[in-house]
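Biologist: I'm new to this one. Can you pull it up and walk me through it?

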There are 2 protein chains.
Amino acid sequence: MSTVQDRTFTIGELAREFDITPRAIRHYEDQGLLEPERRGQHRIYSRRDRVRLMLTLRGKRIGLTLQEIRELFELYDTANDDESQLFEFIKLLSRRESQLRQQQEDINAVLKEVGSLRVQCERLLEKRTGGIPE
Amino acid sequence: MSTVQDRTFTIGELAREFDITPRAIRHYEDQGLLEPERRGQHRIYSRRDRVRLMLTLRGKRIGLTLQEIRELFELYDTANDDESQLFEFIKLLSRRESQLRQQQEDINAVLKEVGSLRVQCERLLEKRTGGIPE
DNA sequence: AGCATTGTTGACGTTTACGTAAACGTGATA
DNA sequence: TATCACGTTTACGTAAACGTCAACAATGCT
């Protein structure tokens, strides 16, 4: 009988779920992002591992390196114990926050352009397809 | 007398302005993103080049590769001439748009976490600094 | 004239994030 | 029992985006 949900996952399951290769998952482990247990020599991934994998992928999508992601994990794990680490953590978060806001601006600018360009394109196409007289 | 503003820039000026190295700028040229003129063997950058450089850097910030940025430039330049290219352009824009929206979500999620973590940290610090008697 | 500054062209080096291939183990199944 | 399907380690390969010399102009002080 177990209180916590103890469903586990194989490397292939996770790979399929997140549409990445097993190789990538092993690579994340090499970089210290995951620490699956072993049943014999096979890796067994817990829910916690799965969450970390999700966070890893999200981190990647917003442009973090694997090392930075690892540092975040480490800080998150240890910050509560050490006061000076807390300051570091806050500083890191601040820096990252401004970067993210910059990215937001960039993305909004591009989305705007993308939108108007699309409209232009579509108008052009309308004109041509409609404009060819028989 | 010239109608169009014809201010030009040296590689060093642009490097300083955008806080990158001349090497990087030359690299962008190698990749077909810039086409500065030459005065003798020195590069002379026009306003158009400067704009392209800005767009390049913005593209990078939102995670485009230099090649993708070049393709966008090319499409942007030629799309008006070719109808089939227009479709390609629109498809490319659509794909990128959904990626950008995904990124927006990711960033929002992270910002949210960052915010609450910061609050947690600050509370902890308050408690400790305030909690030490004398 | 001499030296600093700024620029130029190679060309090899580096980091990140995996891909890919070899060579092998293991349990399920036809 | 043979053959998948899935997993493992080890190790070299690769693409992107520059960094980092080296070796050499051209220009501008002083």
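Modeller: Sure. Let's begin with one of the DNA strands. Of the atoms of DNA strand D within 4 Å of the protein, 75% belong to sugar or phosphate, and the rest belong to bases. Keep in mind that this is a predicted model.

Biologist: Noted. How many residues surround DNA strand D, and which are the closest?

Modeller: There are 17 residues around DNA strand D. The closest are G12(A), R43(A), T21(B), K60(B) and L66(B).

Biologist: Which side chains have an N or O atom close to a phosphate oxygen of that strand?

Modeller: R26(A) is one, with a side-chain N or O atom 3.0 Å from a phosphate oxygen of DNA strand D. R43(A) is another, at 2.7 Å. Add R38(A), where a polar side-chain atom lies 3.2 Å from a phosphate oxygen of DNA strand D.

Biologist: Which elements give two or more residues to that surface?

Modeller: From chain A, α1 and β2 (42-44). From chain B, α2 and α4 (66-78). α2(B) gives the most, with four residues.

Biologist: And by class, what does the surface near DNA strand D have?

Modeller: Four nonpolar, eight polar and five charged residues.

Biologist: Now the other strand. How many residues surround DNA strand C?

Modeller: DNA strand C has 18 residues around it. T21(A), K60(A), G12(B), R38(B) and R43(B) are the closest.

Biologist: What share of its atoms within 4 Å of the protein is sugar or phosphate?

Modeller: For DNA strand C, 72% of those atoms belong to sugar or phosphate. The rest belong to bases.

Biologist: Which contacts would you show me on the phosphates?

Modeller: Take T21(A): a polar side-chain atom lies 2.6 Å from a phosphate oxygen of DNA strand C. The side chain of R43(B) has an N or O atom 2.6 Å from a phosphate oxygen of that strand. L66(A) uses its backbone: a polar backbone atom is 3.0 Å from a phosphate oxygen of DNA strand C.

Biologist: Which element gives the most to the surface near DNA strand C?

Modeller: α2(A), with four residues. Elements that each supply at least two include α4 (66-78) of chain A and β2 (42-44) of chain B. The surface near DNA strand C divides into four nonpolar, eight polar and six charged residues.

Biologist: Switching to the protein itself. At what angle do α1(A) and α2(A) pack?

Modeller: About 110 degrees, with their axes 8 Å apart. The two helices, α1(A) and α2(A), are therefore roughly perpendicular to each other.

Biologist: Which residues make that contact?

Modeller: I11(A), L14(A) and A15(A) come from α1(A). P22(A), I25(A) and R26(A) come from α2(A). By class, that contact has five nonpolar residues, no polar ones and one charged.

Biologist: And chain B, where do those helix axes sit?

Modeller: Helix α1 (residues 11-18) and helix α2 (residues 22-30) of chain B have axes that come within 9 Å and cross at roughly 110 degrees. That makes α1(B) roughly perpendicular to α2(B). I11(B), L14(B) and A15(B) of α1(B) meet P22(B), I25(B) and R26(B) of α2(B).

Biologist: Last topic. How many salt bridges are there over all chains?

Modeller: The count comes to 14. One of them links E17(A) with R50(A), with the closest N and O atoms 2.2 Å apart.

Biologist: Why pick that pair, E17(A) and R50(A)?

Modeller: E17(A) lies in helix α1 and R50(A) in helix α3 (residues 47-61) of chain A, so the pair ties together parts that are 33 residues apart in sequence.

Technical notes:
Residues numbered from 1 in each chain as written. Chains lettered and ligands numbered in written order. Predicted model: local features only at pLDDT ≥ 70, side-chain atom pairs only at ≥ 80, totals over all residues. Heavy atoms only, no water. Axes fitted to C-alpha atoms, helices over the stretch in contact; angles between N-to-C directions. Parallel < 35°, antiparallel > 145°, perpendicular 65-115°, else oblique. Contact = heavy atoms within 4.5 Å. Near = heavy atom within 4 Å. Polar contact = N/O pair within 3.5 Å; in protein donor to acceptor, adjacent residues only side chain to side chain. Nonpolar A, V, L, I, M, F, W, Y, C, P; charged D, E, K, R; others polar. Salt bridge = Lys/Arg side-chain N within 4 Å of Asp/Glu carboxyl O.
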